[in-house]
Amino acid sequence: MNEQTIPASGTPASGKTGYNFAYLDEQTKRMIRRTILKAVSIPGYQVPFGSREMPLPYGWGTGGIQVTASVIGPDDTLKVIDQGADDTTNAVSIRRFFARTAGVATTDETGEATVIQTRHRIPEEPLKHGQILVYQVPIPEPLRWLEPRESETRKMHALQEYGVMYVRLYEDISKYGHISTAYDYPVIVNSRYLMRPSPIPKFDNPKMDNNPALQLFGAGREKRIYAVPPYTSVKSLDFKDYPFEIQKWEEDCALCGAENSFLDEIIIDDQGGRMFVCSDSDYCQKRREAGYRGKDPSAPRGNELLDDAAESA
Amino acid sequence: MTLEEERLLLRVTNLTKYYDLIIGCRNISFDLYRGEVLGIVGESGSGKSTLLNCISARMEPSAGMVEYDTRAEGLKDLFQLSEAERRMLMRTDWGFVHQNPCDGLRMGVSAGANIGERLMAVGARVYGDIRESASAWLTRVEFDTDRMDHLPRTFSGGMQQRVQIARNLVTEPRLVFMDEPTGGLDVSVQARLLDLLRKLVDDLGLSAIIVTHDLTVARMLSHRLIVMRGGEVVESGLTDQVLDDPQHPYSQLLVSSILQA
């Protein structure tokens, strides 16, 4: 790492000397920004980049962190979610990482954030023009399990030979009677490139379509960046007689009563008791603050869950 | 255009393939007409497979030309086509039956999906239709459709070969390349598979190029024969003519080495 703080990079890290703004050195950021520009120009195309060693293990979001570090500025407000929640380990540590190395403001609120780094979810609250959503991607290549050779998958992308992807959906239907792929559901971006949307549930796939926010995908171990520019079509693969469908739940959120958000099942005792709650903690809390209630009478009204977590941490 | 030229499907001119200094095959020329089955026979290492790989565009020859009568634009040099066009040709107008079904099948997906893959690759997007034609083709190759959702690795060698044949024929190709299609199967299964192949070739009016070291296969399936040795063609002609009255000493040796029942 470059130990010198380069003034042109903006505000130096608050209180932390020896680190450049947002951890990465300026040359690396330029390289990643060039990669991002290319990725935005060719929606859905995986652009290779020189992924750096980061101070956390592969699989914890090294790709996403590098993308965030390259696009974030001193005036940005950062939100980090993991499985939809702001208070999970991965989210907390990445948020703290940028609070320390870039000194940027952080938030839990989707609407206030300018940059949102995410793992596994797209926030329920619709994103706005000007926001950037950064995904952490474990395996960028959608054709990987069907075609192990990288040289061949690149050729298949180049020639748009995506028929084999349907083989997977065909197998799902012949085995289970419906398309059982529930996350990382393959999509076609801008009617051209086949893309793996990182392991978000297929519930979130329709949100990617024609989204006003810029969506960036970073895979650190595989050294690939790809992007969906604002207002770009993103279509989930399906058959005409087995159209794409998203998950449904028989219950509503037990805390806020939301009917159309993505629900997590939580085991609450060892007697088989369970409850369904919104996976997006910010969305759920906002609804409770606005007075919405689910069927669980003991549900906390607002911030208590997060406060408890903060106290015990 | 003469009648001969109208029926021309594939023309190979002075095809040569070197592996560094080693000769794979040298100066090979022949024509293949529609509905014709051509057998290529010879001992191991005689260049049969090299020749087959070159004319099926799986390998680029060192010299010479392979022209194919494309549906859209007539006779075209294969290696002047763009890669996209060539791959399209392989997926639709051609079939390739490998000796080892592992090379020609996706072992991780069911028989039905294996057959449907080619349809999906050319744009079929209705599950019901894909399944129907997969099932129809399995019936045609005398395969029990109850097992169409099973994985190929649970099938016997003969069944795998049937699935591979169905997979190749589902897009109704005009030309099928076969590399020892009955190799590795026991004699009774071989005989049934040969019957099936002969019937399919007849029914569909297929053209085929079959590489084999088994003269029985050659006699049963092919109309014309090419005998290869050391990378060169030593004799060619009608199958019966070559097998009953071989002219070249090597062909004579090959024919006389069959065990007489």
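**Exercise 1. In this predicted model, find which strands of chain B helix α7 lies across, and how α7 runs relative to β6(B).**

Start with helix α7 of chain B, residues 157-169. Follow it over the sheet: α7 lies across β6 and β7 of chain B, with β7 spanning 175-179. Then compare directions: the helix runs at about 165° to β6(B).

Now try helix α11 of chain B, residues 249-256, in the same way. This helix lies across β3, β9 and β10 of chain B. Its direction is at about 105° to β9(B).

**Exercise 2. Work out the strand order of the open sheet in chain B, and explain why one side of β6 and of β10 has no neighbour there.**

Step one is the order: the six strands run β6-β7-β8-β3-β9-β10, and their pairing is mixed. Step two is the edges: β6 (94-97) and β10 (232-238) of chain B each have a single partner strand, so one side of each is left without a neighbour in the sheet. As a last step, look at the twist: on average, neighbouring strands are turned by 15° against each other, direction ignored.

**Exercise 3. Determine in which sense β3 and β9 of chain B pair, and over how many bridges.**

Take β3 at residues 37-42 and β9 at residues 224-229, both in chain B. Their pairing is parallel and extends over five bridges. To place yourself in the register, pick B:Leu38 and look across to β9(B): B:Arg224 stands opposite.

**Exercise 4. Turn to chain A and decide whether the partners in the salt bridges A:Lys79–A:Asp86 and A:Arg121–A:Glu124 are buried or exposed.**

A helpful reminder: side chains of opposite charge can pair when their charged atoms come close. For A:Lys79 and A:Asp86, the N to O distance is 3.1 Å, and both residues are buried. For A:Arg121 and A:Glu124, the distance is 2.8 Å, N to O; these two residues are buried as well. Next, follow the shared partners: A:Lys79, A:Asp86, A:Arg95 and A:Asp108 are joined into one network of salt bridges.

**Exercise 5. Locate the two ends of the salt bridge between A:Lys286 and A:Glu109, and classify the accessibility of each residue.**

First, the distance: N to O is 4.0 Å. Second, the location: A:Lys286 sits in helix α7 (residues 281-289) of chain A, while A:Glu109 belongs to the loop between β3 (105-106) and β4 (115-119) of chain A. The pair thus links distant parts of the chain, 177 residues apart. Third, the accessibility: A:Lys286 has 29% relative accessibility, so it counts as partly exposed. A:Glu109 is partly exposed too, with a relative accessible area of 32%.

To set these pairs in context, 39 salt bridges are found over all chains of the whole structure.

Methods:
Residues numbered from 1 in each chain as written. Chains lettered and ligands numbered in written order. Predicted model: local features only at pLDDT ≥ 70, side-chain atom pairs only at ≥ 80, totals over all residues. Heavy atoms only, no water. Pairing = 2+ DSSP bridges. Helix = DSSP H or I, 4+ residues; strand = E, 2+ residues; numbered from the N terminus. Axes fitted to C-alpha atoms, helices over the stretch in contact; angles between N-to-C directions. Contact = heavy atoms within 4.5 Å. Salt bridge = Lys/Arg side-chain N within 4 Å of Asp/Glu carboxyl O. Buried < 20%, exposed > 50% of the residue type's maximum accessible area, 1.4 Å probe, protein only.
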